[in-house]
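These notebook entries record what I looked up in one structure. I kept each entry brief.

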Amino acid sequence: MIYLELFWTFFKIGLFGFGGGAAMLSLIQFETVEHHQWITAQEFTDMVAISQVTPGPIGINSATYAGYLATDSVFGAMVATGAIVLPSLVIMLIIATMMARFRDNGWIQSVLKVLRPTIVGLIAAAALLLITEETFGVGYGNWKSWLILIVAFCAMKWWKISPVYLILCAGVVGVIFC
């Protein structure tokens with residue numbers, strides 16, 4: 001019975017946890033500590049700390065950890081993780097199906113025509129936020145960092161090199177030369 005409760009609880013959190021993993025933490029805390037009392041407040045604090053230092057989204061990491069603590073089993077961790085991810089997965093499958101079905105629709109093409117440059121702008125804005133004095137030196141004068149940026153951009157744009165490979169190479173070059 002606890003597995004069904006665990007699934008339903010984390011499914012609701014995944015469905016209504018708008019704003020990403022950090023926004024889900026208050027819902028997770030309420031459900032696991034106060035409502036169901038599966039974990040203590042101290043365990044919740046530990047869970048958040050561990051979820052922040054492990055790779056992956058904090059909401060999913062927290063669900064995995066809470067599921068394990070609530071049931072003392074790996075299966076409980078899997079149930080909580082699957083439940084918190086399921087709403088997003090279903091929504092994305094529906095959107096992908098609709099996009100495939102209506103790809104040639106004039107309205108959809110108009111929306112996509114507007115969204116493409118918007119998405120590029122959002123990505124560019126995120127990239128610009130990373131250009132700080134900490135990453136490019138005082139006064140942004142670290143020419144080695146700028147060189148790595150320009151070479152990586154050109155390699156991806158014109159030579160179609162994988163971003164994963166570029167990140168790894170830029171990291172190695174940065175450690176060696178910067």
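**Entry 1. Terms and confidence.** Before placing any residue, I note that helices here are DSSP runs (H or I) of at least four residues, numbered from the N terminus. The model is a predicted one. I looked up the confidence for the chain and found a mean pLDDT of 88, with 96% of residues at 70 or more. I then asked where in the chain confidence is lowest and where it is highest. The lowest mean, 71, belongs to helix 7 (residues 133-136), and the highest, 95, belongs to helix 1. I keep in mind that predicted coordinates should not be read in detail where pLDDT is low.

**Entry 2. Ala22.** I located Ala22 in helix 2. Is Ala22 buried or exposed? I record Ala22 as exposed, because its relative accessibility is 57% and the cut-off for exposed is over 50%. I also looked up its separation from Ala155: the two are 133 residues apart along the chain, and their C-alpha atoms are 34 Å apart.

**Entry 3. The nonpolar core.** I asked which residues have the most contacts inside the largest nonpolar core. They are Leu6, Phe10, Ile28, Phe44 and Ile84, in a core of 20 residues. At least two residues of this core come from each of helix 1 (2-16), helix 2 (21-35), helix 3 (41-53), helix 4 (58-71) and helix 5 (74-101). As general background, nonpolar side chains in soluble globular proteins tend to be buried together.

I followed Phe10 further. Leaving aside residues up to four places away in sequence, Phe10 touches Ile28, Thr32, Trp38, Ala63, Ala66, Ala80, Ala83 and Ile84. Of these partners, Ile28 and Ile84 are also listed among the core residues with the most contacts.

**Entry 4. Trp8.** I placed Trp8 in helix 1. Trp8 is partly exposed, because its relative accessible area of 48% falls between the 20% and 50% limits. Between Trp8 and Asn61 I noted 53 residues along the chain and 17 Å from C-alpha to C-alpha.

**Entry 5. Helix 2 against helix 3.** I looked up how these helices pack. Their axes come within 10 Å and cross at roughly 150°. Helix 2 and helix 3 are therefore roughly antiparallel to each other, since the angle is over 145 degrees. The crossing is right-handed. On the helix 2 side I listed Leu25, Ile28, Gln29, Thr32 and Val33, which meet Ala41, Phe44, Met47 and Val48 of helix 3. Ile28 and Thr32 also appear in the list of Phe10 partners.

**Entry 6. Helix 3 against helix 4.** Here the axes come within 9 Å, with a crossing angle of roughly 135°. That angle makes helix 3 oblique to helix 4. I recorded this crossing, too, as right-handed. Helix 3 contributes Glu43, Met47, Val48, Ile50, Ser51 and Gln52 to the contact, and helix 4 contributes Ile58, Asn61, Ser62, Tyr65, Ala66 and Leu69. Met47 and Val48 of helix 3 are also in contact with helix 2.

**Entry 7. Asp72.** Following the chain past helix 4, I found Asp72 in the loop between helix 4 and helix 5. Its phi is near 55°, a positive value in a residue other than glycine. Asp72 counts as exposed, because its relative accessibility is 61%.

**Entry 8. Helix 8 against helix 9.** What is the packing angle between helix 8 and helix 9? Helix 8 (residues 143-157) packs on helix 9 at about 160°, and the axes are 10 Å apart. Helix 8 is therefore roughly antiparallel to helix 9. The crossing of the pair is right-handed. From helix 8 the contact uses Lys144, Ile148, Ala152, Ala155 and Met156, and from helix 9 it uses Pro163, Leu166, Ala170, Val173, Gly174 and Phe177.

**Entry 9. Lys160 and Val164.** Lys160 sits in the loop between helix 8 and helix 9. I noted a positive phi near 55° in this residue, which is not glycine. With a relative accessible area of 66%, Lys160 is exposed.

Val164 lies in helix 9 (residues 163-177). I marked Val164 as exposed, because its relative accessible area is 57%. Finally, I compared Val164 with Trp38: the pair is 126 residues apart in sequence and 39 Å apart in space, C-alpha to C-alpha.

Methods:
Residues are numbered from 1 along each chain as its sequence is written. This is a predicted model: local features need pLDDT of at least 70, side-chain atom pairs count only at pLDDT 80 or more; totals for chains, interfaces and linings use all residues. Side-chain values use heavy atoms; hydrogens and water are left out. A nonpolar core is a set of buried Ala, Val, Leu, Ile, Met, Phe, Trp, Tyr and Cys residues joined through side-chain atoms within 4.5 Å. Buried means under 20% relative accessible area, exposed over 50%, partly exposed in between (1.4 Å probe, protein chains only). Contact means heavy atoms within 4.5 Å. pLDDT is the predictor's confidence in each residue, from 0 to 100. Axes are lines fitted to C-alpha atoms, for helices over the stretch in contact, and angles run from 0 to 180 degrees between N-to-C directions. Angles under 35 degrees count as roughly parallel, over 145 as roughly antiparallel, 65 to 115 as roughly perpendicular and the rest as oblique. A crossing is left-handed if the near helix is turned anticlockwise from the far one by less than a right angle, and right-handed if clockwise.
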